[in-house]
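Q: Hi! I'm new to this one and would love a quick tour. Could you pull it up so we can chat through it?

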Amino acid sequence: MSRIYGKIFQVAYVVPNLDEAVSHWTQAMGVGPFYDFPLPLPFEELAVDERPAPLDEPIFGGVSISYSGDTMIELIQPGTAPSTYRDFLESGKSGVHHYGTWIEDYEATLARARADGVPVLLEGRLPLSRFAYLDTARDGLSPLVEVIKPLPPMVELFDMIRSNTAQWDGSDPRRTI
């Protein structure tokens, strides 16, 4: 997969309750601290199932990230709007939803995915990145892939979070970005 979609750096879970998920990861798994993204995210572009969506579409109920070593753990609670996250939970699933990857050439990666017939479930632009969720999921084989073209502020933010998690002593398990 790395040959096509870039280096995997993130394992993302879709959960019905973000508070319970963060508590589990910090207490039972010893991973933390988790950093909550302020919502709504400041989308500059947003498309769901290849159709433009309002920039304030409530696709997230909550998003929190941490690291275990060099692997980011992302926890996502779906919002009320249609999304791949909500579809995942409504299908009776929870848990690993996608792997996040870094890519260099966003346009070429998306062009190849579309040429290969890979559906783009969610695509957007934020001040920190461009991203797209590709439907590579096959039950029992692989989850979705989120390809991310990070901008320097995202790299800096994630480096700070990774550094803080490496020094975490178990106190202040949940923080805000």
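**A first look around**

A: Happy to! Keep in mind that this is a predicted model. One place to begin is the second largest pocket, which is lined by 17 residues, with F88, K93, H97, A137 and L144 nearest its centre.

Q: How much space lies in that second largest pocket?

A: About 280 Å³.

Q: And which helix gives the most to its lining?

A: That's α3, with three residues. Helix α3 covers 84-90, and β7 (95-102) also supplies at least two residues of this lining.

Q: What classes of residue does the lining of the second largest pocket have?

A: A mix: six nonpolar, five polar and six charged residues.

Q: OK, now the largest pocket. How much space is in there?

A: About 350 Å³. It has 25 lining residues, and F37, L41, L126, S129 and M154 are the closest to the centre.

Q: How do the residues of that lining divide by class?

A: Here 21 are nonpolar, two are polar and two are charged.

Q: Which elements supply at least two residues each to the largest pocket's lining?

A: Five strands are on the list, β1 (7-14), β5 (60-68), β6 (71-78), β9 (129-134) and β10 (144-150), along with helix α5 (152-166).

Q: Let's switch to the strands. In what order do they sit in the sheet?

A: The sheet is open and has 11 strands, in the order β4-β3-β8-β9-β10-β7-β1-β6-β5-β2-β11, with mixed pairing. At the edges are β4 (51-52) and β11 (174-176), each of which pairs on one side only.

Q: How do β2 and β5 run, and how many bridges join them?

A: They run antiparallel, and two bridges join them, with β2 spanning residues 34-36. One detail to look for: D36 has S64 in β5 as its bridge partner.

Q: Which strands does helix α2 lie across?

A: Helix α2 (residues 18-28) lies across β1, β2, β5, β6 and β11, and it runs at about 155° to β6. Helix α4 (residues 106-115) packs on the sheet too, touching β8 (120-126), β9 and β10, and its direction makes about 15° with that of β9.

Q: Last topic: how many salt bridges are there?

A: The count comes to 12. One of them joins D19 and R174, whose closest N and O atoms are 2.5 Å apart.

Q: Why does the pair of D19 and R174 tie together parts that are far along the chain, and how many residues apart are they in sequence?

A: D19 lies in helix α2 and R174 in strand β11, so this salt bridge links parts 155 residues apart in sequence.

Terms used:
Residues are numbered from 1 along each chain as its sequence is written. This is a predicted model: local features need pLDDT of at least 70, side-chain atom pairs count only at pLDDT 80 or more; totals for chains, interfaces and linings use all residues. Side-chain values use heavy atoms; hydrogens and water are left out. On a 1 Å grid over the protein atoms alone, a cavity is a set of points where a 1.4 Å probe fits but cannot get out, and a pocket is an open set with protein on both sides within 12 Å along at least five of seven lines; lining residues have an atom within 4 Å of a point. Grid points are joined across faces, edges and corners, and a volume is the space filled by probe spheres set on the points. Helices (H or I, at least four residues) and strands (E, at least two) are DSSP runs, numbered from the N terminus. Ala, Val, Leu, Ile, Met, Phe, Trp, Tyr, Cys and Pro count as nonpolar, Asp, Glu, Lys and Arg as charged, and the others, Gly among them, as polar. Two strands pair if DSSP finds at least two bridges between them. Contact means heavy atoms within 4.5 Å. Axes are lines fitted to C-alpha atoms, for helices over the stretch in contact, and angles run from 0 to 180 degrees between N-to-C directions. A salt bridge is a side-chain nitrogen of Lys or Arg within 4 Å of a carboxyl oxygen of Asp or Glu.
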